[in-house]
Amino acid sequence: MFTALSDIYTDDLLKHGVRFQTLVEEFIKIYGTKPTFIARAPGRVNIIGEHIDYCGFPVFPMAIVPDCLIAVQTLDGSSTVKLANVNQEFSPREFSYSPTCTVAIDNSQHDWTNYFKCGYKGALDAIECFAPKGMQCLMDGNVPQCVGLSSSSALVCCAALATMKANNKLLSQEMVVEASVASERYIGTNGGGMDQTASIMSQPHSASFIEFDPELNVTPVKLPSTDPPLAFVIANTLATFDKATTAPVYYNLRVVETRIGALILARYLDIADRPACKNVDPLTFKIVMDEYFSGKDTAGRSDVEVWIERLEAMLAASGKAFGGRPDGYTREQIAAELGVSVQELSDKVHESQFPVRAERFQLLKRAQHVFSETLRVVRFRQICEQEKSADTSDSDVGRELGALMNQSQDSCRDQFECSCKELDELCTIARNAGSLGSRLTGAGWGGCSVHLVYQRDIDQFVDTLKEKYYDKHSPDLTPQQLSDTIFVTVPGSGAGIYALDKD
């Protein structure tokens, strides 16, 4: 629970106060009464660790200041949910609780309220509520949409929190994350949990090292203190990507490719019939790695050393396992490798729920990205937490972190093939403009990029991006639109409920 805006935001409290007050006033205009609370969930920027969360591996995001707000008043004696949005582009909607399916979600219709319905359904399932209260809701979101900053996950998390609070049952952060991850799958997105975990569990002033296997664990990690200080700049390419509608050829396809890769790698390593791997759904690269090294002696080595040794071994093994088909596998070739029919393969990867379209599945490239990207995450955290030696300067720290981010972008472009020409161009311009490291963030295929720069260089850096990218591609942007398109961010707080006075 938040009792003051200073619990949520570290600066610009007056601006945030005006936004909250405006939301309350608009709520009163629409519903004729005052809301009792405001649910809030932030977007996130992933600093490093792209497309590896659903493979079971750790990631390194941080919550950002832009967020989703939902003002709520409950309705006793009714199960109707009324939804409105301060953005007039999004029409009001209304639905009622159904005892048979909770709420109908039509994935064929790309409607903003589908994400709210996902959070609503997931929350009621999680708290086992079969007679929910009605809700009057007004949403205000300022996380840029379809750009890789998790606007959809912020809405799902916010809706789940709002629904739990309205029905007087708030769960632990871990359980809210679990419910939110399950919720988003109702709309056909097969994600891994990073977005929801960062939105719910982030702490102010810290990024998060998030581990998913064998269980969810979030470690706050402060970014290194350097002179001059480091900062992150988010720059939107303005090339939009809708994760839900393009999932069969982009996002869900990559998930399926890694799932198939894990199944074949387990067979190659002769561990597929072990209990830890056999009939596990889903089998991930992390499970395969852990089982292959189970029982191996780690005495005398640090956790980081063990991570690096195992990931490097998996890089080598995946090169051998998939290297014979560098151009990819057909469905028939995959089925033959696994000793199943094509239909059994489709059932195994849940294609009826998460459909994909591909002639060939690029298992070598995907595996090489996943294991090398996880190595970069581990090393990034190591640099952030280690004490600087006498031989290490502040500039060395910045260069090392930046190099990992640049390598990540190169791998996303070449191995995971989730970049695009706009992201490539913007990252190239940024590196030439003084960025220590530049990479896509979020799912990719458009959207936002994140850049590590020295604070002293921010103004010149931003001016260069405006001149060489935005003046070229979007010359008609207003100053306000530009400030929303490229901005400096700090690690923000996670989601919560803001209580309103009863008067």
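**Figure 1. Phe57, Phe285, Trp307 and Phe371 are joined into a cluster by ring pairs.** This is a close-up from a predicted model, and so are the views that follow. If you searched the whole structure for aromatic pairs, you'd find 16. Two of the edge-to-face pairs get views of their own below.

**Figure 2. Phe95 and Tyr120 make an edge-to-face pair.** How far apart are the ring centres of Phe95 and Tyr120, and at what angle are their planes? The centres are 5.1 Å apart and the planes sit at 80°, so this pair counts as edge-to-face. The two partners come from distant parts of the chain: Phe95 belongs to strand 4 (residues 93-96), while Tyr120 belongs to helix 2 (residues 113-127), 25 residues apart. Are these two buried or exposed? Phe95 has 8% relative accessibility, so it counts as buried. Tyr120 is buried as well, at 0% relative accessibility.

**Figure 3. Here's another edge-to-face pair, Phe322 with Tyr329.** The planes of these two rings are at 80° and their centres are 6.4 Å apart, so they get the edge-to-face label. Phe322 is buried, with a relative accessible area of 0%. Its partner Tyr329 is buried too, with a relative accessible area of 1%.

**Figure 4. Two arginines hold their charged ends over phenylalanine rings.** Look for Arg381 first: its charged end sits over the ring of Phe209, 4.4 Å from the ring's centre. Then find Arg366, whose charged end sits over the ring of Phe416, 5.8 Å from the centre of that ring.

**Figure 5. Helix 1 lines up its buried residues on one face.** Does the length of this helix add up? With 19 residues (13-31) at 1.5 Å a residue, helix 1 should span 27 Å, and its end C-alpha atoms are indeed 27 Å apart, which agrees. Which residues of helix 1 are buried? They are His16, Arg19, Phe20, Leu23, Val24, Phe27 and Tyr31. Looking down the axis of helix 1, you'd see the buried residues fall within an arc of 135°, so they line one face. Leu14, Lys15 and Lys29 are exposed on the other side of helix 1. The cover over the buried residues of helix 1 includes strand 1 (37-48), strand 2 (60-75), strand 3 (80-85), strand 5 (134-141) and strand 12 (496-499). Just past the end of helix 1, Gly32 takes a positive phi of about 75°.

**Figure 6. Cys384 and Cys420 are cysteines in no disulfide.** A disulfide is a covalent bond between the sulfur atoms of two cysteines. How many does this structure hold? It holds 0 disulfides. For Cys384, the nearest cysteine sulfur is that of Cys412, 18 Å away. Cys384 is also buried, with a relative accessible area of 9%. For Cys420, the nearest cysteine sulfur belongs to Cys427 and is 9.2 Å away. Cys420 counts as buried too, at 16% relative accessibility.

**Figure 7. Asn236 sits in strand 8 (residues 230-236).** Asn236 is buried, with a relative accessible area of 7%. What does Asn236 touch, leaving aside its neighbours within four places in sequence? Its contacts are Val147, Leu426, Gly447, Cys448, Tyr469, Tyr470 and Thr485. While you're here, find Gly148: Gly148 and Asn236 are 88 residues apart in sequence, yet their C-alpha atoms are 9.0 Å apart in space.

Terms used. Residues numbered from 1 in each chain as written. Predicted model: local features only at pLDDT ≥ 70, side-chain atom pairs only at ≥ 80, totals over all residues. Heavy atoms only, no water. Phe/Tyr/Trp six-rings, centres within 6.5 Å; stacked < 30°, edge-to-face > 60°. Helix = DSSP H or I, 4+ residues; strand = E, 2+ residues; numbered from the N terminus. Buried < 20%, exposed > 50% of the residue type's maximum accessible area, 1.4 Å probe, protein only. Lys NZ or Arg CZ within 6 Å of the ring centre and 35° of its normal. Disulfide = S-S within 2.5 Å. Expected span 1.5 Å × (residues − 1). Arc of directions from axis to C-beta. Contact = heavy atoms within 4.5 Å.
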